[in-house]
Amino acid sequence: MSSAEENKALARRFVEANANADLDTLYELLAPDFVDHSLEPGQEPGREGYLRGVAEESFSNQRTIIEDQAADGDKVISRLTINRIHDRGEFVGEAPTGIQFQSTAIVIHRI
């Protein structure tokens, strides 16, 4: 059984790989039966759909900061601040704008 600190470190590794579009690490970390519950329009919910979405990301210069993190059993809850620029592709119907976005999110990873 993994410790809470090991699980939080694994979640941090996933967040970093996602921000850097490190598809090899994401493929390694995502379970074969992975299901994404925050789909983009047209995205398939499984591992391959998630990886395709990361590869086709509409934003560049993504920086993700983990503000808070807690672990309980097989779950890690992370509060994130995400900074990125919309300059690569269409996002929810909008052509690239060059605008920098900042958003916050709470993500729950099951290890």
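What covers the buried residues of H1? In this predicted model, the cover includes two helices, H2 (23-29) and H3 (47-55), along with strands S1 (59-72), S2 (75-86) and S3 (100-110). The residues of H1 that end up buried are Asn7, Lys8, Ala11, Phe14, Val15, Ala17 and Ala19. As for its length, H1 runs over residues 4-19, and at 1.5 Å a residue these 16 residues should span 22 Å; the end C-alpha atoms sit 23 Å apart, which agrees. Just after H1 comes alanine 21, with a positive phi near 50°.

Now for the charged pairs. The structure holds 4 salt bridges, and one of them sits inside H1, where the side chains of glutamate 5 and lysine 8 meet at 3.1 Å, N to O. These two are 3 residues apart, about one turn of the helix. Lysine 8 counts as buried because its relative accessible area is 15%, under the 20% cut-off.

Another bridge pairs arginine 13 with glutamate 28, the closest N and O atoms being 3.2 Å apart. Arginine 13 belongs to H1 and glutamate 28 to H2, so this pair ties together parts 15 residues apart in sequence. Arginine 13 is partly exposed at 35% relative accessibility, while glutamate 28 is exposed at 53%.

Arginine 84 and glutamate 57 also form a salt bridge, with 3.9 Å between the closest N and O atoms. Here strand S2 supplies the arginine and the loop between H3 and S1 the glutamate, so parts 27 residues apart in sequence are tied together. Glutamate 57 is partly exposed, at 27%.

Finally, phenylalanine 34, in the loop between H2 and H3, touches Pro45, Gly46, Arg47 and Tyr50, leaving aside residues up to four places away in sequence.

Definitions and conventions:
Residues numbered from 1 in each chain as written. Predicted model: local features only at pLDDT ≥ 70, side-chain atom pairs only at ≥ 80, totals over all residues. Heavy atoms only, no water. Helix = DSSP H or I, 4+ residues; strand = E, 2+ residues; numbered from the N terminus. Expected span 1.5 Å × (residues − 1). Buried < 20%, exposed > 50% of the residue type's maximum accessible area, 1.4 Å probe, protein only. Contact = heavy atoms within 4.5 Å.
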